[in-house]
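The turns below ask what stands behind each label given to this chain. Each answer sets a value against its rule.

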Amino acid sequence: MAFMRTSIASAAFLRGEDESGDFRSRADFLLSKLRSEGAVIGIAGKPVQVRNPEARDLQTRDGPFMSSALPIAGFAIIEAADLAAAIEKVSQVPCAVAHGAFEVWP
C-alpha cells in the first residue's frame, strides 16, 4: 500500500541550525534507507494553486491553499503494509526528531 508523507520542519531546522554532525549523519542514513526501499522523496518548492471552475476558467494563484505555522519541508511516497508500518518507517526522519512534524496520508 502506498502512503504519502509530508514533512513540516521548524524554521531553525530548515536554516541548518539544529543539525549536529551526529544528527545529520543519522538523517542522511534514514533518508537513504527509505530511498533504497523505493520511496520517492522530494523537497517542497513554492506552491501554485490551480482552479478551473466548470472547466472554463483556468485560474492560478501563487502561494499555498492551506497554511501552517511551520513551513512544508518536503514529501515522500513510501510503501508499507499498513498505516502503523508507515508511521514506524518515518518516525525517525529528520523532521520528526527535530521538533517538526509529519503527516502520513494513505
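Q: How do you know how far the predictor trusts the chain?
A: The mean pLDDT of the chain is 77, and 77% of its residues reach 70 or more, where pLDDT is the predictor's confidence in each residue, from 0 to 100. This is a predicted model, in which local features need pLDDT of at least 70 and side-chain atom pairs count only at pLDDT 80 or more, while totals for chains, interfaces and linings use all residues. Residues are numbered from 1 along each chain as its sequence is written, and side-chain values use heavy atoms, with hydrogens and water left out. Confidence is lowest in helix α1 (residues 11–14), at a mean of 55, and highest in strand β4 (residues 59–62), at 92.

Q: What makes up the secondary structure of the chain, and in which order do the elements run?
A: There are four helices and six strands, taken as DSSP runs numbered from the N terminus (helices being H or I with at least four residues, strands being E with at least two). From the N terminus on, the order is β-α-α-β-β-β-β-α-α-β.

Q: Why is Q49 called buried?
A: Q49 has a relative accessible area of 10%, and the label buried applies under 20%, exposed over 50% and partly exposed in between, with a 1.4 Å probe and protein chains only; Q49 is therefore buried. In the chain, buried residues make up 27% of the 106 residues.

Q: What surrounds Q49, and where does Q49 lie?
A: Q49 lies in strand β3 (residues 48–51). Leaving aside neighbours within four places in sequence, Q49 is in contact (heavy atoms within 4.5 Å) with Q59, T60, R61, G63, P64 and F65. A polar atom of the Q49 side chain also lies 3.4 Å from the backbone oxygen of G63.

Q: Which residues form the largest nonpolar core, and what makes a set of residues a core?
A: A nonpolar core is a set of buried Ala, Val, Leu, Ile, Met, Phe, Trp, Tyr and Cys residues joined through side-chain atoms within 4.5 Å. The largest one has nine residues, namely F3, L34, A39, A76, I78, A80, A86, V90 and V93. Strand β5 (72–79) and helix α3 (83–90) each supply at least two residues of this core. In soluble globular proteins, nonpolar side chains tend to be buried together.

Q: Why is the pair of E37 and K33 called a salt bridge?
A: The rule asks for a side-chain nitrogen of Lys or Arg within 4 Å of a carboxyl oxygen of Asp or Glu. The side chains of E37 and K33 meet at 2.7 Å, N to O, so the pair satisfies the rule. Both are partly exposed, E37 with a relative accessible area of 34% and K33 with 40%.

Q: What makes K33, E37 and K89 a network?
A: K89 forms a salt bridge with E37, the closest N and O atoms being 3.2 Å apart. This pair links distant parts of the chain, with K89 in helix α3 and E37 in the loop between α2 (21–36) and β2 (40–43), 52 residues apart. K33, E37 and K89 are thus linked in a network of salt bridges. K89 counts as partly exposed, at 31% relative accessibility.

Q: How many salt bridges are there, and how do you know that E54 and R56 form one?
A: The count comes to three. The closest N and O atoms of E54 and R56 are 3.3 Å apart, and E54 counts as exposed at 65% relative accessibility, as does R56 at 69%.

Key: Polar contact = N/O pair within 3.5 Å; in protein donor to acceptor, adjacent residues only side chain to side chain.
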